[in-house]
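Take a walk through this structure, beginning at one residue in a loop and ending with the whole chain.

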Amino acid sequence: MTGVPTSPQTRTDGPAVHAELTPVIAATAQWLTRAYPASGGAHAAALCEAQARQAVTVAARLRYPTAMDAALAGVAGPGGSARLDRLAGADDATAEALAEQPWRSWVDETVASWAACLLGDPGLADRAVAALGRAAGAVTGLAPTAYRRLLAPDAGDRRAAVLLRHPDLLAPVAALHRTGLLTRLTRGPALAA
């Protein structure tokens with residue numbers, strides 16, 4: 001142990017993540033499902049949300065790999081959804097709407113962009129989850145089944161998230177920080193479990 005305080009970990013529909021990331025993951029997944037809503041009723045919405053949450057969790061773990069990274073993100077704040085709202089053409093991107101929806105301040109633009117990359121490119125999603133697995137090490141490992149809806153969506157998942165997984169619709173958001181994700185995956189994240 002290096003003397004750096006470790007943060008408690010929590011679960012967000014998959015392996016444990018640092019507790020400081022929980023509001024970021026929840027808000028960013030909510031933003032994605034509002035920007036690219038489910039096709040269908042409540043069941044479709046739940047399937048769409050599960051896919052968004054898994055993609056955002058992978059992206060957040062890659063973006064903030066250590067307890068220190070997660071703690072700093074909690075202190076500095078993730079930045080909010082304003083630019084993403086403009087890119088996605090959201091009607092509620094006004095200052096008044098943002099004031100009425102404080103969860104939007106917890107949206108992390110980079111995490112949303114990386115999640116959009118993963119949702120629109122199955123090969124990239126496989127690489128990202130594999131990178132997390134390698135970083136977690138042989139002892140703890142990372143079962144790809146923890147991210148089944150992201151990696152291997154069934155027909156129902158695909159129908160529910162047709163907008164959320166459409167590469168052309170995701171392109172403006174994915175393009176924001178795709179280079180950073182590719183760099184992270186190329187050099188390998190220095191993740192701490």
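Val-162 sits in a loop. On one side of that loop is helix 9 (155–160), and on the other is helix 10 (167–187). The model is predicted. In it, Val-162 has a relative accessibility of 42%. Buried means under 20% and exposed means over 50%, so Val-162 counts as partly exposed.

Val-162 also belongs to a nonpolar patch on the surface. Its partners there are Leu-163 and Leu-169. Together the three residues make a patch of about 210 Å².

Now turn to helix 1, which covers residues 22–35. Helix 1 has 14 residues. From its first C-alpha to its last it reaches 20 Å, close to the 20 Å expected at 1.5 Å a residue. Which residues of helix 1 are buried? They are Val-24, Ile-25, Ala-27, Thr-28, Ala-29, Trp-31, Leu-32 and Thr-33. An α-helix has 3.6 residues a turn, so residues three or four places apart point the same way.

Step back to the whole protein chain. Its secondary structure comes to ten helices and two strands. Reading from the N terminus, the two strands precede the ten helices.

The protein chain has 193 residues, and 44% of them count as buried. What does the chain show on the outside? It exposes about 9,000 Å². Carbon and sulfur atoms supply 58% of that area.

Last come the contacts along the chain. Take those between residues at least 6 apart in sequence. Of these contacts, 77% join residues at least 24 apart.

How values were computed
Residues numbered from 1 in each chain as written. Predicted model: local features only at pLDDT ≥ 70, side-chain atom pairs only at ≥ 80, totals over all residues. Heavy atoms only, no water. Patch = residues over 30% accessible without salt bridge, like charges linked within 9 Å, V, L, I, M, F, W, Y side chains within 5 Å. Areas by Shrake-Rupley, 256 points an atom, 1.4 Å probe, with all protein chains shown as cover. Salt bridge = Lys/Arg side-chain N within 4 Å of Asp/Glu carboxyl O. Helix = DSSP H or I, 4+ residues; strand = E, 2+ residues; numbered from the N terminus. Buried < 20%, exposed > 50% of the residue type's maximum accessible area, 1.4 Å probe, protein only. Expected span 1.5 Å × (residues − 1). Contact = heavy atoms within 4.5 Å.
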